[in-house]
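Reader: I am new to this structure and would like to understand its aromatic rings. Could you walk me through them?

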Amino acid sequence: MQKKIVVGFVLFLGFMWLCTVISKSFYTTKLPVVSTSKPEEKYIEHIVEADGIVVEGGKKAVTALGGLRVEELLVHVGDRVEEGDVLFRINLDDLRELMKDKQTEIDKLQLQVNSILENQELARQKKELEEARAREDYDTTAREKNTDIGRAADVYARRMEDLEEEGLTEEERQAILDELQSAAYGEADAMRERDSAMKEIQRNLEDIQFPENSDATLSVTQTEITSLRGDLSVYQKVLNTQGNVTAEAAGMITDIYVEAGSRVPDSAAILMTDDSIPCQLKVLIDKEQKKYIGFGDEVSITLDGSRNEMETTIEYFSESQSMPGSFETFIPLPEGMGVPGLSGKLTHSERGEKYGYCISPEAVHRLDNREFVYVLREREGILGREYYVEEVTVRVRDENRDWAAIESPSLDGESLVITSADKEFAKGDVVRRID
């Protein structure tokens with residue numbers, strides 16, 4: 001009987017153990033499964049990778065006389081052309097009509113010039129005639145007035161002789177004195193009239209000799225004729241080439257401002273690359289990347305289709321006009337390397353500082369400007385030792401794609417930081433850990 005009791009007790013204990021195992025297994029299967037890692041000592045390296053595009057090192061303009069009508073456009077943006085290649089053709093019928101209009105305008109202006117010159121010659125001859133007549137009047141008036149003065153002086157002299165005769169009565173003497181006074185007045189009046197007449201004639205002569213008012217009509221008209229003849233000469237050169245506008249040097253077409261049927265603008269008709277200047281790689285850097293790359297830093301450049309890397313340094317940075325907040329740099333390429341439109345990549349590596357506690361960036365959570373991690377702690381539970389989740393506030397000192405350097409008085413090198421989980425959990429939850 002006692003033996004049966006012992007066997008039954010053992011079976012009961014086994015059953016209870018089995019129930020406990022089953023219960024614990026069922027309980028643990030419902031728990032979130034988490035992966036953890038311990039903080040490590042690492043250098044936080046920052047790698048900047050940015051895509052770019054090859055652009056021309058310089059451009060040159062293709063121009064033609066403004067106003068010409070385009071008959072045919074023979075190139076497209078991106079076309080490669082050589083020196084002498086025809087870029088577009090001018091409509092020759094329209095060109096001849098323009099030349100005819102220019103010549104007609106020149107002829108009209110020339111008639112105006114001829115008329116101005118004839119009028120100027122007539123005015124010159126008229127002025128010479130007026131001046132000659134004024135001088136003649138001056139001489140004539142001088143002779144006449146001097147004659148009047150001489151006559152008045154002669155009368156005065158004779159009265160003086162009469163006054164000197166002897167035997168004159170008082171009344172005769174008084175009469176002679178009166179006549180002498182009148183003769184003196186007459187001579188003075190004659191001199192005054194002469195001076196007045198001569199001054200008037202002299203002023204008239206000065207007015208005639210005074211320069212004419214300045215008139216720029218002739219100069220302006222002649223300048224217009226010269227300009228029109230210059231245009232006509234250029235038109236003739238275009239006509240001599242059968243209307244072909246050609247490339248003066250080799251390059252690639254980058255911009256076109258004309259089309260068939262339109263007229264050539266006064267500015268550039270076509271822009272093309274200047275092959276004498278090497279290409280550049282244009283790279284756009286965002287605000288975050290700009291923290292780890294700057295003027296004078298060494299970078300590696302690779303272009304699509306090439307395995308060769310080029311080592312160079314950043315020599316230029318400016319804020320992007322098209323994307324405010326971003327920055328752009330232009331990397332000069334060696335002569336013969338790259339063509340406009342080809343893609344490329346810029347790479348820059350910065351080792352950074354060494355930190356004692358580094359974890360995966362995925363383990364760091366951010367909420368309401370607060371940074372924290374979830375850490376596993378152990379405690380005694382109803383089914384034995386168990387892991388539960390504790391939330392620990394941290395400060396991220398630096399990070400890259402692989403590592404985040406953190407600091408917190410609650411962490412050490414043995415702390416188990418949760419990096420991932422198969423389901424959601426919260427602070428205080430019990431979880432199951434896998435290595």
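Author: Happily; here are some questions about the rings and their surroundings. This is a predicted model, where local features need pLDDT of at least 70 and side-chain atom pairs count only at pLDDT 80 or more, while totals for chains, interfaces and linings use all residues. Residues are numbered from 1 along each chain as its sequence is written, and side-chain values use heavy atoms, leaving out hydrogens and water.

Reader: How many aromatic pairs does a search of the whole structure find?

Author: The search finds 3 aromatic pairs. Rings of Phe, Tyr and Trp (its six-membered ring) pair if their centres lie within 6.5 Å; planes under 30 degrees apart are stacked, over 60 edge-to-face, and the rest tilted.

Reader: Why is the pair of Tyr 316 and Phe 330 called tilted?

Author: Their ring centres are 5.8 Å apart and their planes stand at 55°, so the pair is tilted.

Reader: What makes Phe 372 and Tyr 374 an edge-to-face pair?

Author: Here the planes are at 80° and the centres 5.5 Å apart, so edge-to-face is the right name. Phe 372, Tyr 374 and Phe 425 form one aromatic cluster.

Reader: Is Phe 372 buried or exposed?

Author: Buried means under 20% relative accessible area, exposed over 50%, and partly exposed in between (1.4 Å probe, protein chains only). Phe 372 has 5%, so it is buried. Tyr 374, with 12%, is buried too, whereas Tyr 316 is partly exposed at 37%.

Reader: Which ring faces does Lys 290 lie over?

Author: A charge sits over a ring if NZ of Lys or CZ of Arg is within 6 Å of the ring centre and within 35 degrees of the ring normal. Lys 290 lies over the face of Phe 317, at 4.9 Å from the ring centre, and over that of Phe 327, at 5.3 Å.
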